[in-house]
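Take a look at the sequence and the 3D structure below. Then follow the side chains in turn, from cysteines to rings to charged pairs.

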Amino acid sequence: AAKTTIKFKNLKRGTTIENTYRSGEKFETAQIDRKPSVYTYEDESGNCFFMDSESFEEVMVEFKAIEDQKKWIVEGMECD
């Protein structure tokens, strides 16, 4: 039986896992919601904080998850 290996990246934590599946195996599709958020600040550990523009809820994203994009983000900037 054929097998496929897939790498999954956790967008909040920046971690990656690798799973192997048999051909024809089914699994649940992930739901990804994109919401406009405002970059508020970076803490002493390098974690970045974004505020949901609608609910004002704050979300922490580890630096390694957005490492490549971080140099283009400034405080108060609206991001998708």
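Cysteine 48 has a relative accessibility of 0%, so it counts as buried. Keep in mind that this is a predicted model. Does cysteine 48 have a partner, and where is the nearest cysteine sulfur? Cysteine 48 is in no disulfide. The nearest cysteine sulfur belongs to cysteine 79, and it is 9.6 Å away. A disulfide needs two cysteine sulfur atoms within 2.5 Å, so this pair does not qualify. Cysteine 79 is likewise in no disulfide, with the sulfur of cysteine 48 as its nearest. The count of disulfides is 0. Cysteine 79 is also in the buried class, because its relative accessibility is 17% and the class takes in values under 20%.

Now turn to the rings. How many aromatic pairs does the structure hold? The count is 4. One of them joins tyrosine 21 and phenylalanine 27. Their ring centres are 5.0 Å apart, and their planes meet at 20°. Planes under 30 degrees apart count as stacked, so this pair is stacked. Is each ring buried or partly exposed? Tyrosine 21 is buried, at 15% relative accessible area. Phenylalanine 27 is partly exposed, at 47%. Both rings also belong to a cluster: Phe8, Tyr21 and Phe27 form one aromatic cluster.

Look next at tyrosine 41 and phenylalanine 49. Their ring centres are 4.5 Å apart. Their planes are at 10°, so this pair is stacked too. Here the tyrosine is partly exposed, with 34% relative accessible area for tyrosine 41. Phenylalanine 49 is buried, with 14%.

Charged side chains come next. How many salt bridges are there? The count comes to 3. Start with aspartate 52 and lysine 35, whose side chains meet at 3.6 Å, N to O. A salt bridge needs that distance to be within 4 Å, so the pair passes. Where do the two partners sit? Aspartate 52 lies in strand 4, which covers residues 48–52. Lysine 35 lies in the loop between strand 2 (16–22) and strand 3 (37–42). The two are 17 residues apart in sequence, so their salt bridge ties together separate parts of the chain. Aspartate 52 is buried, at 8% relative accessibility. Lysine 35 is partly exposed, at 47%.

Another salt bridge links glutamate 42 and lysine 70. The closest N and O atoms of this pair are 3.3 Å apart. Glutamate 42 lies in strand 3, and lysine 70 lies in helix 1, residues 67–70. These partners are 28 residues apart in sequence, so the bridge ties a part in strand 3 to a part in helix 1. Which partner is buried, and which is partly exposed? Glutamate 42 is partly exposed, at 38% relative accessibility. Lysine 70 is buried, at 15%.

One more salt bridge remains. Lysine 64 pairs with glutamate 62, and their closest N and O atoms are 3.9 Å apart. The cut-off is 4 Å, so this pair still counts. Lysine 64 is partly exposed, with a relative accessible area of 47%. Glutamate 62 is partly exposed as well, at 23% relative accessibility.

Key:
Residues are numbered from 1 along each chain as its sequence is written. This is a predicted model: local features need pLDDT of at least 70, side-chain atom pairs count only at pLDDT 80 or more; totals for chains, interfaces and linings use all residues. Side-chain values use heavy atoms; hydrogens and water are left out. Buried means under 20% relative accessible area, exposed over 50%, partly exposed in between (1.4 Å probe, protein chains only). Rings of Phe, Tyr and Trp (its six-membered ring) pair if their centres lie within 6.5 Å; planes under 30 degrees apart count as stacked, over 60 as edge-to-face and the rest as tilted. Helices (H or I, at least four residues) and strands (E, at least two) are DSSP runs, numbered from the N terminus.
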